[in-house]
Every structure is written in C-alpha cells, then in structure tokens.
Amino acid sequence: MNFIQDIRKRASSTSKRIVLPRSSDIRVIKAAEYLQDNNLAKPILIQNEEASIPKHLDVIDPVSDERLKAYATTFYERRKHKGISEAESIEIIKDPLFFAASMLAAGDADGAVAGSVATTGDVLRAAIQAIGLKKGSNVVSSVFIMSFEDGRVYTYGDCAVVPYPNEEQLATIAIDSAQTHEKVTGTDPKVAMLSFSTKGSAQHERIDLVKNALEIVKTHNLDFSADGELQFDAAIIPEIAKRKAPGSEVAGQANVFIFPNLDAGNIAYKITERLADATATGPVIQGLAKPMMDLSRGCSWEDIVNTACVCALMN
Ligand SMILES: CC(C)(COP(=O)(O)OP(=O)(O)OC[C@H]1O[C@@H](n2cnc3c(N)ncnc32)[C@H](O)[C@@H]1OP(=O)(O)O)[C@@H](O)C(=O)NCCC(=O)NCCS
C-alpha cells in the first residue's frame, strides 16, 4: 500500500467532518462528492457565489446561517483588542474562510481544507485569528510529507510559513513536525535538526541557533528522539552517520527533517520533488488548536481529497 492509499484508508475510519469553504470551485465539489461517496470523510460545503452543488452534499450559507451571530460574537471577543467593532466582526465571519475557521473553533466541524482559490496568507490569517494556536504552541508552521514509490516517507518542516524562526519557534516547529509525522504516517518520528555542520564540525551563530533549539526541544521530555546539529547526509546515510555522529540515535535513520529557515526548507522540498520524483503532500499546517489545511491554487481535485484525509488524521 502506498502513502496515499494508506492515509485514505486510515482517514475513512475516523469519519471526520471536514469543511470545504469554496463551493464555487468545481474541483472542491468533485472532491466533496468523492469524499462522501467513498466514506473518507463527511464533507461540508460553504455556499458562495452561484455554485450549483449536487443535492446529496451538505451545504451551508454563512449569510443566512443561524450561527453567524454567535460566531461573530466569539470572533469579536477574540479580536476586540485590535479595535474591530461587532458590526465588522459579522462582515468578516460572512467570508467563507472565516466562517469555516469559526465552525472549527465552535466544535461544529473537525477540520477545514481551503486555499484552492485563496492565498496561503488568507487561509492562515483566518485560521490564526478565528481558531488560534494550540496549547503550548508559539507559532503556526507547516510540513510537507515527501513520499516515494518504494514506500519511503519523510517529513520536512517548515517549508511554507515561517521565514526566519527564532530558537523557540524552531523548537516548536520540530516538536509539531514530529507529532504531525506520527499522526499522518502512523510511524515513530526521528527528528534531525539540520544545519551545515555536524556535531560541532563548524562554528557559526546560525549553527548555535539550531543547537539552542534542540536544547529547548529536549526540555519538553517528549517521547521521540531528536538530535542535531546534523548535515543532511549524516542525518540520512547510516555509514556517514557512523563517521560524523557516532552514537546518535537519530543520525543515519532520521525521518523528520527540520530546516533552519524557509529558504532551506522550501528549496529542499522542491528539489526532492523535482529531482527525486517524490510526491509532496502539503503544506500540512500545524500549531493550530484545530486543523485547517492550505491548498496550492494549482491543486487537482485528487489533491483536495488527499489533503482532507490528512486533515482528518491531524485531529
Ligand atoms: C501567517 C501570515 C499570513 C501572517 O501575515 P500577516 O497578517 O501579514 O502577519 P503579521 O506579521 O501582520 O501578523 C498578524 C498576526 O498574525 C500573527 N502571526 C503571524 N504569523 C504567525 C505564525 N506563523 N504563527 C502564529 N501567529 C502568527 C501575528 O502574531 C499577528 O497577531 P495579532 O494580529 O494577534 O497581533 C504570513 O506570515 C504569511 O503569509 N505566511 C505565508 C508565507 C507564504 O506566503 N508562504 C508561501 C510559500 S509556499
């Protein structure tokens, strides 16, 4: 069974309610039908513009929905320190992205998948403002799950959200990426904090940031192994690990790779995708109190189905 078949199978046993905010997009409707007809999730569409939606799908119209006022009040309470009024809150929540995020915040849905016609920034802003961060998190970030034909699956973080994380943020990215890896792939994470140095082979303030982030990760007494600083070859190739990082529990067998900044993470996932023929699933957004996933605007309806399955597993 390959990675995509595996996440579809495991998602189908969770029966999660997944909101898909842009029903004017034909790809979203097709994905919703597929999710429902194959019992992968319970899709909820949000009516906007003149979309014609098959009758057997669940559809919500934010403007006439009786929960609009309550969601707007909750949003107003969360955001009034920013100077917004109650009337403005109602207008904001009528937006399908904010309505979907409010459904998650209220427990009226388990996850949301958006972004086929919105930017990453718009999806993240709705999620951060209406859902908020999960307990203990200080930053919203993302991973891509990189899967190969031969069954290998690796998690890369962060590749899409935080340009230059500080050491506390990098530690949170490592912890959240490990948890995402475990939830989505069902396998134990082994986290490599990547750098251009392995175990003191070079000295630089950028290396110190990675080392300090690892120290913060270790203070959390988590039940997965993490090590650093490691170069990518020492993290993934056992023979090189023996030479460069002898005794490490992670070196040579890492499956979660934490990049020191967005330049490195974004470039690395695209190189893996384009030169090594990996399938990149994501960005999987993490750090939120409830899972709201982002899509690329070039996504296919099958990508939306797969992202909804990942979203179901993120609960
Ligand atoms: C997340 C994002 C949308 C925030 O954009 P923004 O609204 O311009 O950001 P600001 O710095 O003005 O922050 C706005 C609020 O969001 C919060 N915030 C921003 N980034 C955050 C993050 N990663 N995690 C948690 N909170 C965040 C800020 O603390 C601030 O909170 P406040 O309103 O309560 O004070 C922005 O970082 C973004 O667009 N990231 C995506 C990058 C991208 O385009 N990637 C695509 C490459 S694949």
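In the predicted model, the buried residues of helix α1 pack against strands β5 and β6 and against helices α7 (167–185) and α12 (301–313). These buried positions of α1, which spans residues 3–12, are F3, I7 and A11; they lie on the same side of the helix because they cover an arc of only 65° around its axis. Q5 and K9, by contrast, are exposed on the other side of α1.

Both strands contacted by α1, β5 and β6, belong to an open sheet of six strands, ordered β8-β7-β9-β6-β5-β10 and mixed in its pairing. The edges of this sheet are formed by β8 (225–230) and β10 (279–286), each of which pairs on one side only, and neighbouring strands are turned against each other by 20° on average, direction ignored. Within the sheet, β5 (residues 141–147) and β6 (residues 153–157) run antiparallel and are joined by five bridges, with T155 of β6 serving as the bridge partner of I145.

A further open sheet comprises five strands with parallel pairing, in the order β3-β2-β1-β4-β11. Because β3 (58–60) and β11 (292–294) stand at the edges with a single partner strand each, one side of each is left without a neighbour in the sheet; the twist from one strand to the next averages 25°. Strand β4 (residues 111–114) runs parallel to β11 and is joined to it by three bridges, V113 standing opposite M293 in β11. Helix α2 (residues 26–37) packs on this sheet, where it touches β1 (17–20) and β2 (42–46), and its direction makes about 155° with that of β2. Helix α5 (residues 96–106), in turn, lies across β1, β2, β4 and β11 and runs at about 160° to β4.

Note on methods. Residues numbered from 1 in each chain as written. Predicted model: local features only at pLDDT ≥ 70, side-chain atom pairs only at ≥ 80, totals over all residues. Pairing = 2+ DSSP bridges. Helix = DSSP H or I, 4+ residues; strand = E, 2+ residues; numbered from the N terminus. Axes fitted to C-alpha atoms, helices over the stretch in contact; angles between N-to-C directions. Buried ≥ 20, exposed ≤ 12 C-beta atoms within 10 Å, placed from the backbone. Arc of directions from axis to C-beta. Contact = placed C-beta atoms within 7 Å.
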